[in-house]
Amino acid sequence: MTASFGEDDVRFMRRALRLAARGAGTTRPNPMVGAVVVRAGRVLAEGFHRRPGGPHAEIEALSRLDGRAPGATMYVSLEPCAHTGRTPPCTTALLSSGIARVVIGVRDPNPLVNGRGIAKLRRAGIKVDVGCLEGESRAINRAFFIWVTERRPLVTLKVAATWDGFIADGRPRPVAAPAWLTGPGARAAAHAMRAAHDAVLVGAGTIRADDPRLTDRRPVGGRARAASGGPSRRQPLRVVLDGRLSSPPDAAVFRSAADAQTLVVVGTGASAARSKALRAAGVEVAALPTVGGRFDIREALALLAARDVQSVLVEGGAVVHGSFVAAGVVDRVALFLAPRLLGGGIAIAAGAGRSLADALKLGPPRLRRLGDDILMEADVVSS
């Protein structure tokens, strides 16, 4: 039976979700969770999960009440755990607190939890209502849900292109360096996307052509540390797909090991000497089988998932874009459109592609103006 939620339920759950969002970027591999304890329409305490190994949201909220909240209602954005992991079960604390009702945003997909926390509370006589703001509760932890249920990270395909669909002119350049299509505002937004993901991924062709650093170089605290080339904040893992290990050994992602961690995924037949040299420089190297120098994208994503990578920003190039689309593992798209026309060059994606009938379908686009550029974002809704 589906629970019916009133205005107060929605209001307090929305507060729990705002609290949960405070844990963005610090809780992984755990999900973001917020909790609010209410009695007679008044908030008694609240909390959110801050870091792995730290108190869960429910425990943090109850700790402000010395563990006791008789007759109160707890609003929590994700199902309370009923197993012992790095911390004791949250359900145990709820049972001893005297809480009379628990309102849950969404069930936890983790097999160790999924429905067990709800069942344990109900068996003890606590009223449990599930599904308040379920869509929003699921969305805030979308990467976690995909990571748990599909054993892969959430994939965002990020592209900067001209209005006629080209990411570069395809002409040789004397020096490997970024050839900017978009302006400063769009580039800052792209750096923010890097910060919002656990990993940034490119192919060897992008390394050879653009020599990117793949870091978030926005200023911190008003100081333009980015101007000196230094990292500005917590950096995503930099992932390079390089089946034949053809990236230049002096590429920026290898030279700047102190800025951010780099993982190079190579083919099983790649040069052992080159792999050893990269490891000596502080670069991690992992090998996967290739066919014609290309990886099975799902295997590459499984490799990242095993490292607790829950989200990855795919930045190119065209062959890598095409491989992810063909594999059907793109979850959302961020397309930066620069007001230029090239009339030819390197298209957004390359490869065998999908049939028109099998094309990935996108949901409603979200548009944002960034100076002269436009950012168009959409979720993949079917494949």
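Reader: Which side chain does arginine 354 meet in a salt bridge?
Author: Aspartate 358, at 3.2 Å, N to O. A salt bridge here is a side-chain nitrogen of Lys or Arg within 4 Å of a carboxyl oxygen of Asp or Glu. This is a predicted model: local features need pLDDT of at least 70, side-chain atom pairs count only at pLDDT 80 or more, and totals for chains, interfaces and linings use all residues. Residues are numbered from 1 along each chain as its sequence is written, and side-chain values use heavy atoms, with hydrogens and water left out.

Reader: Is arginine 354 buried or exposed?
Author: Partly exposed, at 25% relative accessibility. Aspartate 358 is partly exposed too, at 36%. Buried means under 20% relative accessible area, exposed means over 50%, and partly exposed is in between (1.4 Å probe, protein chains only).

Reader: Which residues do shared salt-bridge partners join into one network?
Author: Asp9, Arg101, Lys127 and Asp129.

Reader: How many salt bridges by this rule?
Author: The count comes to 21.

Reader: Back to arginine 101. What is the N to O distance to aspartate 9?
Author: It is 3.1 Å, and the two side chains form a salt bridge. That pair links distant parts of the chain, with arginine 101 in strand β4 and aspartate 9 in helix α1 (residues 7-20), 92 residues apart. Helices (H or I, at least four residues) and strands (E, at least two) are DSSP runs, numbered from the N terminus.

Reader: Buried or exposed, those two?
Author: Arginine 101 counts as buried, at 16% relative accessibility. Aspartate 9 is buried as well, at 9%.

Reader: What about arginine 14? Which side chain does it meet?
Author: Glutamate 136, in a salt bridge of 2.9 Å, N to O. Arginine 14 lies in helix α1 and glutamate 136 in helix α5, so the pair ties together parts 122 residues apart in sequence.

Reader: How exposed is each?
Author: Arginine 14 is partly exposed, with a relative accessible area of 33%. Glutamate 136 is also partly exposed, at 38%.

Reader: New topic: helix α6. Which residues are buried there?
Author: Ala143, Phe144, Phe145, Ile146, Trp147 and Val148, in a helix that covers residues 142-150.

Reader: What do they pack against?
Author: The partners are β3 (73-78), β4 (101-106), α5 (134-140), β6 (154-162), α11 (297-306) and β14 (311-316). Contact means heavy atoms within 4.5 Å.

Reader: And which residue just after α6 has a positive phi?
Author: Arginine 151, at about 55°.
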